[in-house]
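Please open the model in a viewer and keep the sequence panel visible. The tour proceeds by selection, with a short account of what is found at each stop.

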Amino acid sequence: MTTAVLDRTDALAERLIGAALGALELYSVYLGAELGLYRALDEQGPLVPDELAEAAGIAPRYAREWLEQQAVAGLIEVEDTGAAPAERRYALAADQARVLVDPEDAAHVSPFAHMLAGIGRVLPEVVEAYRTGGGVPYEAYGRDFRHGQGHVNRPAFTHELPCEWLAAMPDVLARLETGRPARVADVGCGQGWSTIAVAQEFLYAQVDGLDLDPGSIADARRHAEEAGLNGRLRFLEGDAAGLPAHGPYDLILLLEALHDLARPVDALAAARAALTEGGTVLVVDERVADRFTAPGDEVERMMYGWSVAHCLPSQLAEEPSAATGTVMRADVVRDYAAAAGFSDVEVLPVENHFFRLYRLQV
Ligand SMILES: C[S@@+](CC[C@H](N)C(=O)[O-])C[C@H]1O[C@@H](n2cnc3c(N)ncnc32)[C@H](O)[C@@H]1O
């Protein structure tokens, strides 16, 4: 075998070993988040293993093993590596807490661990779907996936959506701020963080979140109640195609949702029919490249990664389905919008690593 072939073999083997390490560490992050271990360390640390076990209500032997693994992985701090195992004190530094604890911090990417756990739960069904051509419903990915999906987007929805993203459309902003009660729909709202953020920012707006997934709607209603927002906010369980029955709306949002709809053109046509005179549809979806290239950059790799294990199977659970996958390129958005009767699609000048913003014109 030539040296070049061996180098490629070694590089690929090393890459998969690195990926296995990353996956294992994400499982440990899942445990830390799910069991409240990071939060206990953040609020009460530094802690020895028995103190963490007591604070979080877990078995002491597990607390010790998890703390040692976290420190070895460099995810948390340990004060004295030379101390006896039971005496070592562990802590979370402020920069680590931003990633692992604070749900509204822009660096809070740890919910990816929940998304992957949700996929793990249904992998045998995904394998079967590949054989039959069928699908795996969004609902089957369960609470872990919903939680991960909702929380990974929560910081951007809380901070960037109401200010930066909507500010890129000054006429829409003016409409939301006039004092006249503007109506907003958030289609495919998931756990409702975007719906809540819009209601919190625009005090005169009436905001409806709509989603097909009962679990997501139940979560969203709970989140709204916890935020003290019932009244100007409603969460409706139903298909995007049913939107006109609840309208008309001044602003309709589809946030990381259009590619996931089995029938995106029907949903956009329904959105167009549900608009008030001069109303606006804003689609925010993946910032993928304009065309297929291989190997691709990290955004492409990430989006194809979700596509093969989650988005495509969940889209194919419905029939008929456009089976868009996660990688919905800009020309596909334009084609869907044109088929739904929109005359133009404007890409808004908003910088974001993962998202591109499309304003659809009637
Ligand atoms: C990728 S998730 C995005 C959720 C949320 N916008 C967010 O970013 O966290 C896509 C959402 O679309 C919803 N969905 C899929 N098909 C739908 C349909 N036909 N009508 C309404 N919602 C739908 C799913 O239940 C899911 O909550």
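Select E286 and F355 to begin: F355, in strand 9, is the bridge partner of E286. Helices (H or I, at least four residues) and strands (E, at least two) are DSSP runs, numbered from the N terminus. The model is a predicted one, in which local features need pLDDT of at least 70 and side-chain atom pairs count only at pLDDT 80 or more, while totals for chains, interfaces and linings use all residues. Residues are numbered from 1 along each chain as its sequence is written, and side-chain values use heavy atoms, with hydrogens and water left out.

**The sheet around strand 7**

Extend the selection to strand 7 and to strand 9 (residues 355-361); the two run antiparallel and are joined by 6 bridges. Then add strand 6 (residues 249-255), which is parallel to strand 7 and is likewise joined to strand 7 by 6 bridges. Within this pairing, L253 stands opposite L282 of strand 7. Strand 7 is mostly covered, with 9 of its 12 residues buried (buried means under 20% relative accessible area, exposed over 50%, partly exposed in between, with a 1.4 Å probe and protein chains only).

Now display the whole sheet. Its 7 strands follow the order 5-4-3-6-7-9-8, forming an open sheet with mixed pairing; two strands pair if DSSP finds at least two bridges between them. Strand 5 (233-237) and strand 8 (344-347) stand at the edges with a single partner strand each, so one side of each has no neighbour in the sheet. From one strand to the next, the twist averages 20°. Helix 10 (residues 214-226) packs on this sheet, touching strand 4 (206-211) and strand 5, and its direction makes about 165° with that of strand 5. Axes are lines fitted to C-alpha atoms, for helices over the stretch in contact, and angles run from 0 to 180 degrees between N-to-C directions.

**D285 and its surroundings**

Return to strand 7 (residues 275-286) and select D285. Which side chain does the side chain of D285 meet in a polar contact? The partner is the side chain of H259, at 2.6 Å. A polar contact is a pair of N or O atoms within 3.5 Å; within protein, one must be able to donate a hydrogen and the other to accept it, and residues adjacent in sequence count only if both atoms are side-chain atoms. Leaving aside neighbours within four places in sequence, the residues in contact with D285 (heavy atoms within 4.5 Å) include E256, M328 and F354.

Next, select E256, in the loop between strand 6 and helix 11 (264-273). E256 is not a glycine, yet its phi is positive, about 45°. Its relative accessible area is 16%, and E256 is buried.

**The loops beyond strand 7**

Move to P295, in the loop between strand 7 and helix 12 (298-315). The peptide bond from A294 to P295 is cis, with omega near -5°. A cis peptide bond also joins E319 and P320, with omega about -5°; P320 lies in the loop between helix 12 and helix 13 (330-339). A323 is in the loop between helix 12 and helix 13, and has a positive phi near 50°. A323 is partly exposed, with a relative accessible area of 30%.

**A last stop in helix 6**

Finally, select H114 in helix 6 (residues 112-132). H114 is buried, with a relative accessible area of 4%. Its side chain makes a polar contact with that of E34, at 2.7 Å. Add H147: the C-alpha atoms of H114 and H147 are separated by 6.8 Å, although the residues are 33 apart along the chain.
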